[in-house]
Amino acid sequence: MPPLSQGILLCLFSQLLFGVLYLFSHWMKPLGGTDVFALRMLTMAAGIWLMTLYSIGLPALGRFIMRERLATRRDRLLFAIGTANIGSQFWLFMWAPVNGEGVNVATGYFLFPLVMMLAGTLWLKERPNRLQLAALILAAAGVAHEIWTVRSFSWTTLWVCGMYPVYYLGHRKMNVPALQGLTLDLTLILPFAAAYLLWRHESLAVVWQEPRYWLLLPLLGLFSALAMSANLKSGQLLPVSLFGMLSYAEPALLFLAAVFVLHTPVADSAYITYGLIWAGLMLLCLNGWLVFRRPKEAV
């Protein structure tokens, strides 16, 4: 199979798995979202470690960890802040669907690429073209409409679209490889997740007593590891513009899951907000398609 076709299939496969993972907190009731998050960290860490050892080997991972240990105090602090950031995102992903914030988190993922583009413009001095600028204006209009209508904006939406770019741009600034960085992040999160489960020992008792969790827990770890590995691999195989376009499938699946499976209520006026944000995303997709179709000589 050509690398381009393989990359497209891997990317879509990872987006589908992320959409399925969004429903695990619902399927694993009566466990709470935080309980599912802690269990996911344990099972996901095991899967990511196996994947890392298989793909790059222990010596390469050891060299990366040693590099981080010998880094400046500032870089170590930035990495630790990034770990706390990504840990909070993993927690929110599992907590939101069963606490009425499923649609708001999906909206945060819709806004994420637009905020990344804005951050690239302000921080990395990248110059947006007309389509990208129009996309930013539409998204800003959607946010402004939501604030004007309900006099507030969901903190979960702001946390996703505002803090996720900090994690990605911080790792880019420190030149942290994606797989090694994620492995170290999960390793650092692991003790806190284990301590929480030991404190919430009644949750472990529920898991032990109900056989359905014996299937759901391995699937939770397997799907998490497969989704991350497929996403990382597709990012290596696809042009950035095409990878960005295909990645918009995840927030669409999260939104559909929140509305039609989790039955999260959506106000009629909110569809204007979502429509403006989605229109901005469509412009980004169009821009990515034009860049992807452009001859290599022009690029």
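**Exercise 1. Aromatic pairs**

Determine how many aromatic pairs the structure holds, and classify the pair formed by F93 and Y109.

*Solution.* In this predicted model, the structure holds 13 aromatic pairs. For F93 and Y109, the ring centres lie 6.2 Å apart and the planes enclose 85°. Ring centres within 6.5 Å define a pair, and planes over 60 degrees apart count as edge-to-face; the pair of F93 and Y109 is therefore edge-to-face. Next, locate the partners: F93 belongs to helix α5 (residues 73–95) and Y109 to helix α6 (residues 102–122), so that the pair links distant parts of the chain, 16 residues apart. Both F93, at 5% relative accessibility, and Y109, at 11%, are buried. Finally, F93 and Y109 belong to one aromatic cluster, which also includes Y22, F112, Y164, Y167 and Y168.

**Exercise 2. A salt-bridge network**

Identify which residues are joined with R200 into one network by salt bridges that share partners.

*Solution.* The whole structure contains five salt bridges. One of them connects D35 and R200, with the closest N and O atoms 3.2 Å apart. Because D35 lies in helix α3 (residues 33–55) and R200 in the loop between α9 (178–199) and α10 (201–209), this bridge ties together parts that are 165 residues apart in sequence. D35 is buried at 2% relative accessibility, whereas R200 is partly exposed at 26%. R200 also meets E202 in a salt bridge, at 3.3 Å from N to O. E202 is partly exposed, with a relative accessible area of 37%. The shared partners thus join D35, R200 and E202 into one network.

Methods:
Residues are numbered from 1 along each chain as its sequence is written. This is a predicted model: local features need pLDDT of at least 70, side-chain atom pairs count only at pLDDT 80 or more; totals for chains, interfaces and linings use all residues. Side-chain values use heavy atoms; hydrogens and water are left out. Rings of Phe, Tyr and Trp (its six-membered ring) pair if their centres lie within 6.5 Å; planes under 30 degrees apart count as stacked, over 60 as edge-to-face and the rest as tilted. Helices (H or I, at least four residues) and strands (E, at least two) are DSSP runs, numbered from the N terminus. Buried means under 20% relative accessible area, exposed over 50%, partly exposed in between (1.4 Å probe, protein chains only). A salt bridge is a side-chain nitrogen of Lys or Arg within 4 Å of a carboxyl oxygen of Asp or Glu.
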